[in-house]
Amino acid sequence: MARRRRVYEGKAKVLYEGPEPGTLVQYFKDDATAFNNKKSATIVGKGVLNNRISEYLMARIAEIGIPTHFVRRLNMREQLIKEVEIIPVEVIIRNISAGSLATRLGIPEGTALPRSIVEFCYKSDELGDPLITEEHITAFGWATPQEIDDIMAMSLRINDFLIGLFLGIGIKLVDFKLEFGRLYENEMVRVVLADEISPDNCRLWDTKTNEKMDKDRFRRDLGGVAEAYQEVARRLGIMPEGGPRDIQAPTLMQ
Ligand SMILES: Nc1ncnc2c1ncn2[C@@H]1O[C@H](COP(=O)(O)OP(=O)(O)OP(=O)(O)O)[C@@H](O)[C@H]1O
Ligand SMILES: [Mg+2]
């Protein structure tokens with residue numbers, strides 16, 4: 001196989017040049033990091049599961065009319081995506097208090113929020129992804145007011161949709177992080193959902209037991225990380241063919 005050009009290597013994924021201009025191949029690694037890279041480990045099978053889970057969720061979200069970067073899954077660890085200009089803002093949607101909201105505002109973890117809360121963080125590892133407001137986003141030109149409106153509308157629709165989807169399989173969607181980007185197509189530009197949606201960037205709790213089924217298992221050394229991701233995939237009805245055996249398969253050569 002010809003060597004592909006590596007466009008970017010992040011903490012959880014690698015981006016390669018895609019087969020056609022304007023496309024990229026997103027490769028999901030088994031690497032996990034937390035607390036802005038201070039903690040890192042390899043979780044065998046995580047990349048395979050996140051590739052599947054993100055494929056499934058992006059496809060369902062596209063079905064309700066929200067544009068996404070997802071084109072199709074290529075193999076166990078890779079998916080074809082449309083290349084976008086990432087807006088350097090992480091959008092966090094919260095339904096139940098947890099994580100930084102709980103610590104910052106002293107609202108006990110697990111408290112149902114009176115309404116869904118959307119937060120913005122500036123995407124900067126050096127600065128530790130600081131919390132920002134719309135004022136910062138427009139003042140520094142990271143996105144226009146119209147783009148922020150589109151991002152808010154899409155985020156809230158995705159939230160309503162995913163709350164229901166997860167509730168149907170016995171999971172509470174506590175909070176999650178989204179990234180959006182500008183897609184340039186036929187002299188037009190529009191904002192689309194990008195990156196991934198997986199237990200790496202969602203908090204998912206079992207409705208009956210409140211057991212964590214997401215990256216907090218890794219952050220808090222609770223163990224059973226891969227098993228929890230696997231259980232999310234199983235409940236979504238998308239366990240990789242061949243079951244867990246598939247997940248242990250060796251990484252594809254690049
Ligand atoms: N469709 C897309 N086009 C271009 N870039 C994308 C697209 N979707 C996601 N990305 C970017 O690809 C990278 C994915 O890698 P990964 O998630 O491992 O990064 P990361 O370590 O979280 O770092 P950071 O997000 O801070 O760059 C991210 O930078 C993400 O913003
Ligand atoms: Mg990332």
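**Pairings, a crossing and a ligand shell**

Visitor: What makes E12 and strand E13 (residues 188–194) a pair?

Guide: E12 and E13 are joined by seven bridges in the antiparallel sense, and at least two bridges are needed for strands to pair, so they count as paired. Keep in mind that this is a predicted model.

Visitor: Where do residues of E12 and E13 face each other?

Guide: Take Arg 182, which stands opposite Val 191 in E13. The two strands form a hairpin with two residues between them, and Asn 186 in the turn has a positive phi of about 45°.

Visitor: How do you know that E8 and E12 pair?

Guide: Strand E8 (residues 85–86) has two bridges to E12, running antiparallel. The rule asks for at least two, so that pair qualifies. One of its partnerships is Glu 85 with Arg 182 in E12.

Visitor: Which other strands pair with E12?

Guide: Strand E9 (residues 89–96) pairs with E12 over four antiparallel bridges, with Ile 92 partnered by Lys 177. Strand E14 (residues 202–206) pairs with E12 over five, again antiparallel, and there Phe 176 has Cys 202 as its bridge partner.

Visitor: On to the other sheet. What is the order of its five strands?

Guide: The order is E1-E2-E3-E7-E6, an open sheet with antiparallel pairing. The twist from one strand to the next averages 25°.

Visitor: Why are E1 and E6 said to stand at the edges?

Guide: Each has a single partner strand, so one side of each is left without a neighbour in the sheet. For E1 (residues 6–9), that partnership is three antiparallel bridges to E2, with Glu 9 matched to Val 14 and a hairpin of three residues joining the strands. Strand E6 (residues 70–73) likewise has three antiparallel bridges to E7, where Arg 72 is partnered by Leu 80, and its hairpin with E7 has four residues between the strands.

Visitor: What joins the strands in the middle?

Guide: E2 and E3 pair over five antiparallel bridges, with Tyr 16 opposite Val 25. In their hairpin, five residues lie between the strands and Gly 22 takes a positive phi near 85°. Strand E3 (residues 23–28) also has five antiparallel bridges to E7; Tyr 27 stands opposite Glu 78, and Leu 24 opposite Ile 81.

Visitor: Why is H1 called roughly parallel to H6?

Guide: Helix H1 (residues 46–63) and helix H6 (residues 225–236) pack at an angle of about 30°, with their axes 10 Å apart. Angles under 35 degrees count as roughly parallel, so H1 is roughly parallel to H6. As for the handedness, H1 passes H6 in a left-handed crossing.

Visitor: What makes a residue part of the shell around ligand 1, and which are the closest?

Guide: The C-beta atom, placed from the backbone, has to lie within 6 Å. The shell has 19 residues, the closest being Gly 10, Lys 11, Lys 13, His 69 and Ala 194. Strands E2 (13–17), E7 (78–82) and E12 (171–185) each give two or more residues to the shell.

Visitor: How does the shell divide by residue type and by domain?

Guide: It holds eight nonpolar, three polar and eight charged residues. At least three residues come from each of domain 1 (6–84 + 224–245) and domain 2 (85–206).

Definitions and conventions. Residues numbered from 1 in each chain as written. Chains lettered and ligands numbered in written order. Predicted model: local features only at pLDDT ≥ 70, side-chain atom pairs only at ≥ 80, totals over all residues. Nonpolar A, V, L, I, M, F, W, Y, C, P; charged D, E, K, R; others polar. Domains from an automatic or database assignment. Axes fitted to C-alpha atoms, helices over the stretch in contact; angles between N-to-C directions. Parallel < 35°, antiparallel > 145°, perpendicular 65-115°, else oblique. Left-handed = near helix turned anticlockwise from the far one by under 90°.
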